[in-house]
Amino acid sequence: MARRATGEGGSRASGSQGSRVKGARRPELRLPPLTPWAEGELEPDGDYDGLEFRDADLSGQDGTGARFMDCALTACGLDGTALGRARVLDSVLTGPRGVGTHLAESTFRDVELIDARLGGTQLHGAVLERVVIRGGKIDYLNLREARLKDVVFESCVLVEPDFAGASLERVEFVDCALKGADFGSATLKDVDLRGAAPLEIVRGLDRLSGAVISTGQLLDLAPVLAVELGIRVAD
C-alpha cells in the first residue's frame with residue numbers, strides 16, 4: 001500500500017465567537033517501485049497495480065470500471081477518456097490534461113492530483129476521500145451529487161465548479177480561486193472557504209450553514225446574498 005494516512009486535521013478557530021471547523025485529513029503517499037506501463041490501451045474493468053503511466057496519451061480510450069492501485073500518472077492526455085466507475089486508490093496524478101474526461105461514479109481514495117489542466121471533467125456521483133487537488137486549473141468541474149470527505153483544494157483555480165446536490169464534509173479551500181461556484185441543494189459540514197480568493201457563488205448561498213467564511217468574504221457576498229434572500233437594498 002502506498003498510503004500512510006495522516007492523523008485527522010486539527011480544529012481551526014473561525015470568527016470572533018471561537019467556533020471551530022474540523023480540518024481535512026490528508027493522504028501521505030509513498031509509492032512503491034513502479035513498473036512502466038507498456039500496453040497500448042486501457043481496458044474496461046482493467047486492473048492496474050504499481051504502474052507508472054508517463055506521457056501516455058489515453059485520449060478516447062475506455063477504462064470504464066478499471067482499478068488503479070499504487071500508480072503514478074504523469075503528464076497523461078485524458079481527452080474524452082472513459083473512466084466511469086473507476087477506482088483510483090493510493091495514487092498520484094501529476095500534470096493530467098484533457099477535456100471531457102468521464103469519471104462519473106468513480107472513487108478516488110488517498111489520491112493527490114497535482115497541476116491538472118482539465119475542462120468539463122465529469123465527476124458526478126463520484127466519491128472523493130482523503131484527496132488533495134493542488135495547483136493547476138479545472139474548468140467546469142461537474143461534482144453534482146458527489147460525496148467529498150477530507151478533500152483539500154489548494155493553490156488551484158476552479159472555474160464554474162458544480163457542487164449541486166453534493167455532500168461535502170471536512171473540505172478545505174486553501175489559496176484557491178473559486179469562480180462561479182454552484183452549491184445548490186448541497187450539504188456542507190466543516191467546509192472551510194476562508195482560503196478561497198476570489199469566492200464567487202452564483203447559487204446555493206442558502207446551503208452554506210455548514211461552512212465558515214471570513215468577514216471580508218461576507219461583505220463581498222452581501223449583494224448576492226441580498227438577492228438570494230429577496231432583500232431590496234436602497235439608499
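**Close-up views of a predicted model**

**Figure 1. Phenylalanine 153 and the largest nonpolar core.** Setting aside residues up to four places away in sequence, phenylalanine 153 touches Ile133, Leu148, Leu158, Phe163, Val171, Glu172, Phe173, Val174 and Cys176. The model shown here and in the other views is predicted. Phe153 is among the residues with the most contacts inside the largest nonpolar core, together with Phe53, Leu148, Phe163, Phe173, Leu178 and Phe183. This core has 56 residues. Its largest share, five residues, is supplied by strand E10 (residues 107-119).

**Figure 2. The cysteine pair 156 and 176.** A search of the whole structure returns zero disulfides. Cysteine 156 accordingly takes part in none, and the nearest cysteine sulfur, that of cysteine 176, is 3.5 Å away. Seen from the other partner, the sulfur of cysteine 176 has its closest cysteine sulfur in cysteine 156, and no bond is assigned because 3.5 Å is too far. The cut-off for a disulfide is a pair of cysteine sulfur atoms within 2.5 Å. Cysteine 156 counts as buried, since its relative accessibility is 3%. Cysteine 176 likewise counts as buried, at 0% relative accessibility. Cysteine 176 also appears among the contacts of phenylalanine 153.

**Figure 3. The salt bridge between arginine 26 and glutamate 154.** The side chains of these two residues meet in a salt bridge with an N to O distance of 2.9 Å. Distant parts of the chain are linked by this pair, whose members are 128 residues apart. Arginine 26 belongs to the loop between strand E2 (19-22) and strand E3 (35-36), whereas glutamate 154 belongs to strand E12 (residues 147-154). Which partner is buried and which is partly exposed? Arginine 26 is partly exposed, with a relative accessible area of 26%. Glutamate 154 is buried, because its relative accessible area is 17% and the limit for that class is under 20%.

**Figure 4. Further salt bridges.** The whole structure contains 15 salt bridges. In one of them, glutamate 52 pairs with arginine 54, and the closest N and O atoms are 2.9 Å apart. Glutamate 52 is partly exposed, its relative accessible area being 22%. In another, the side chains of aspartate 139 and lysine 137 meet at 3.9 Å, N to O. Aspartate 139 counts as partly exposed at 21% relative accessibility, and lysine 137 falls in the partly exposed class at 38%. Elsewhere, Arg109, Asp110, Glu129 and Arg130 are joined into one network by salt bridges that share partners.

**Figure 5. Alanine 75 and threonine 81 in the loop between E7 and E8.** Alanine 75 is located in the loop that runs between strand E7 (72-74) and strand E8 (87-94). Its relative accessible area of 21% makes alanine 75 partly exposed. Beyond residues up to four places away in sequence, alanine 75 touches Asp55, Ala56, Thr94, Gly95 and Arg97. From alanine 75 to threonine 94 the C-alpha to C-alpha distance is 6.2 Å, although 19 residues separate them in sequence. Threonine 81 lies in the loop between E7 and E8 as well. Is threonine 81 buried or exposed? Threonine 81 counts as buried because its relative accessibility is 0%. Outside the range of four places in sequence, the contacts of threonine 81 are Leu42, Leu58, Ser59, Gly60, Gln61, Thr101 and His102.

**Figure 6. Threonine 187 in strand E16.** Threonine 187 is part of strand E16 (residues 187-192). With 46% relative accessibility, threonine 187 counts as partly exposed. Apart from its neighbours within four places in sequence, threonine 187 is in contact with Ala166, Ser167, Leu168 and Arg207. Proline 198 is 11 residues from threonine 187 in sequence, and the two C-alpha atoms are 21 Å apart in space.

**Figure 7. A nonpolar surface patch after helix H1.** Leucine 229 is placed in the segment after helix H1 (215-228). Leu229, Ile231 and Val233 form a nonpolar patch on the surface. Together these three residues present about 320 Å² of accessible area. Leucine 229 counts as exposed, because its relative accessibility is 56% and the exposed class begins at values over 50%.

How values were computed: Residues numbered from 1 in each chain as written. Predicted model: local features only at pLDDT ≥ 70, side-chain atom pairs only at ≥ 80, totals over all residues. Heavy atoms only, no water. Helix = DSSP H or I, 4+ residues; strand = E, 2+ residues; numbered from the N terminus. Buried < 20%, exposed > 50% of the residue type's maximum accessible area, 1.4 Å probe, protein only. Contact = heavy atoms within 4.5 Å. Patch = residues over 30% accessible without salt bridge, like charges linked within 9 Å, V, L, I, M, F, W, Y side chains within 5 Å. Areas by Shrake-Rupley, 256 points an atom, 1.4 Å probe, with all protein chains shown as cover. Salt bridge = Lys/Arg side-chain N within 4 Å of Asp/Glu carboxyl O. Core = buried A, V, L, I, M, F, W, Y, C linked by side-chain atoms within 4.5 Å.
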